[in-house]
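Student: Please pick one loop in this model and look at it closely. Then work outward from there to whatever packs around it and to what lies further off.

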Amino acid sequence: MVERLGTLARTHTCGALTAGDVGTEVVLLGWAHRVRDLGSLVFIDLRDRYGLTQLTARDDAALVEAAKRVRSEFVVAAVGRVERRAADAVNPKMPTGEVEVVLRELRVLAEAKTPPFQIAEDAAASDETRLRYRYLDLRRPRMQQNLLLRHRVTLAVRRYFDAQGFLEVETPVLTKSTPEGARDYLVPSRVHPGQFYALPQSPQIFKQILMIAGVDRYVQIVKCFRDEDLRIDRQPEFTQVDVEISFATEELVFGVVEGAMREIFRVVGREIEAPFRRMSYQEAMARYGTDKPDLRVGMPIEDLSAVFADSTFDVFRDAVASGGAVRGIVVPDGARSSRRVIDELVEQAKALGASGLAWVRAPDGTVQGSILKAAGEATLRAALDAAGATSPDLLLLAAGEPAAVSRMLGQLRLSIARKAGRLKPEDLAFLWVVDFPLFEWDGAERRWVSMHHPFTSPREEDLGRLESAPGEAHARAYDLVLNGSEIGGGSIRIHDPELQRTIFRLLRIGDEEAKERFGFFLEALEYGTPPHGGIALGVDRIIMILAGEVPIRDVIAFPKTTAALDLMAGSPSPVDPRQLDELHIRTVAKADGPGDR
RNA sequence: GGGGUCGUAGUUCAGUUGGUUAGAACGCCGGCCUGUCACGCCGGAGGUCGCGAGUUCGAGUCUCGUCGACCCCGCCA
């Protein structure tokens, strides 16, 4: 039977009571976490987002009967007196374990069906079940922690940027499809048949227009939408701290962001060191095989082409002669590895696309290795020296097209470090990756495309050869990387309309198209645009790292599955044909609707 | 778009070469218990083996299709 809350008001939360409250009459409201029925003595652990408190029903037969009827996840009101537990009944595992509330009255405010999984147990439910009953999953302490952390981080971000003179301005969610980039989510217009809004991939153009509008320092914690396939750290809608600054240089942006990261990490009680390390894109790609190196471990990729250019080992010699490279990584203390372990590395390298992987070591001064006969001891000794390998180390070598070799060794490096337990979550390796190319060649479309986005300023020294050597131009773009994860990216923008038109021309975005798609922006640029630049920080990924959570889903209250479904709400879903009529839309594909689950 | 792993009780899983009545743990229901806190003890209920075809005397098990979850590649300015 369900009873009324009536005039009962909560006096304390379930995490609040301590020995100092003994003797106090309290009213607690929460969920029955666990019920322990000992006959004429019943314990109920009452839970809210602040903690657990033990309720005790005894002596009063009617009250004990009422407590016996309570089931998991019932919502109850508890009225009683705080009492100190006997010394042998104290629970040191609970913050409230020194006391209990001896019930005078117990009201069941809401009954609950038996939950599909136990809230009291951590994990032990499939993603599918958790997502379908997200409101139950979110009741679990771990998820509550994540929600709280997220709240505190966004609060710290707002405080910090406010103190720095930034203004939070909201930009439209119903906006216009932006050029290039990811696939847009589209929203049909009812009023304008056949026309569509797009949900923002980022508020890029709007924040630049805010600079033109004189906002000077803009920040927004904002949802962004990209209709691309999902990953463990990627959701179709995600949150950014979007930042734009007038009269900005790279140094100014870096300083502001480093300050923001300092405040964010203070939320979890950590002091970080700034300024952050910087590395060129070229170095990152060559020495770590990725544009987001995880610098918690060393093991950079060494180029050993010179050592093998004239060697007797024809595979490596020929690779160098035909424009390839011989590169390697030094595995610290790898010399003791068993043959089985090394064979596994070779297999792994092949699985990553390598034609082979050679290894060299000299544990007791004697050179050993898979290519000892072919390359000779002197050459291998030179290779060990050039790579900086000492006797306890193992040198792994591969040859081929330089970028491909580095990519493979980069993946091998991460895998080795992970297996060795050297990627510790408590270590923090921040890195600015800079000097990105301005353009990439799109072989399929046979044209240049922006590596960052088309509003990114080229470096001044590249302006003269933009048209003659677009592939060699560098962008004033930067990414912020933390522990191998890209947590931010931005650039100094183009503020000169003439240069912006040149870039569009190079991207083969015709005048007509440019005018149609963002003519308003080109026009705005003509009215006195301050030099400006900014960045967007990935809130979800930052929270992931702070919380030590791996799937990004676990730091988002209502995430989507890898098939971009909301299993709780059941979206997307077919709509009433009348809605489609109003929107002037006729569908071609037949919607399957939610699966037959 | 491609590749991989998985789908069996409310939940998490086991299930041998295709063979009688599909098991375990937790949860759930009932009983006993005044100091439990993952309470304990006794008893019980609970299954469209994701869905649909096919092979077979016989399918949880094999084949094909389909739906869904997860991970990776492509994609993600």
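Tutor: Arg-446 sits in the loop between β18 (439-442) and β19 (447-450). Helices and strands here are DSSP runs (H or I over at least four residues, E over at least two), numbered from the N terminus. The model is predicted, with local features needing pLDDT of at least 70 and side-chain atom pairs pLDDT 80 or more, while totals for chains, interfaces and linings use all residues. Residues count from 1 along each chain as its sequence is written, chains are lettered from A and ligands numbered from 1 in written order, and side-chain values use heavy atoms, without hydrogens or water.

Start with the backbone. Arg-446 is not a glycine, yet its phi is positive, about 55 degrees. Most residues other than glycine have a negative phi, and most peptide bonds are trans. Arg-446 counts as exposed because its relative accessibility is 58%. The cut-offs, with a 1.4 Å probe and protein chains only, are under 20% for buried and over 50% for exposed, with partly exposed in between.

Now look at what meets the two flanking strands. Buried residues of α14 pack against β18 and β19, and against α15 too. Helix α14 covers residues 497-506, and 7 of its 10 residues are buried, so the rest of the structure largely encloses it. The buried residues are Pro-497, Leu-499, Gln-500, Thr-502, Ile-503, Phe-504 and Leu-506.

Follow α15 next. Helices α15 (511-525) and α5 (204-212) are the elements that give two or more residues to the lining of the largest cavity. A cavity is a set of points on a 1 Å grid over the protein atoms alone where a 1.4 Å probe fits but cannot get out, and its lining residues have an atom within 4 Å of a point. The whole structure has 2 cavities of 30 Å³ or more. The largest holds about 90 Å³ (the space filled by probe spheres on the points, which are joined across faces, edges and corners). Its lining has 14 residues, and Thr-175, Lys-176, Thr-178, Ile-205 and Phe-206 lie nearest the centre.

Ile-205 turns up again in a nonpolar core of 32 residues, as do Leu-466, Phe-521 and Leu-522. Such a core is a set of buried Ala, Val, Leu, Ile, Met, Phe, Trp, Tyr and Cys residues joined through side-chain atoms within 4.5 Å. The largest core is apart from that one. It has 40 residues, and those touching the most other members are Phe-161, Val-241, Met-261, Phe-430, Trp-432 and Leu-480. Helix α6 (250-266) gives the most to it, 8 residues.

Take Phe-161. Beyond its neighbours within four places in sequence, Phe-161 is in contact (heavy atoms within 4.5 Å) with Phe-166, Val-219, Val-241, Val-243, Val-256 and Ala-260.

Back to backbone geometry. Asp-216 also has a positive phi, near 80 degrees, and is not glycine. Its place is the loop between α5 and β9 (217-225). Asp-216 is partly exposed, because its relative accessibility is 35%.

Cis bonds come last. One joins Ala-274 to Pro-275, with omega about 0 degrees. Pro-275 lies in the loop between α6 and β11 (277-280). Another cis bond joins Ser-571 and Pro-572, again with omega about 0 degrees. Pro-572 is in the loop between α16 (539-547) and α17 (577-582).

Terms used. 1 Å grid on protein atoms, 1.4 Å probe; cavity = no way out; pocket = protein on both sides within 12 Å on 5 of 7 lines; lining within 4 Å.
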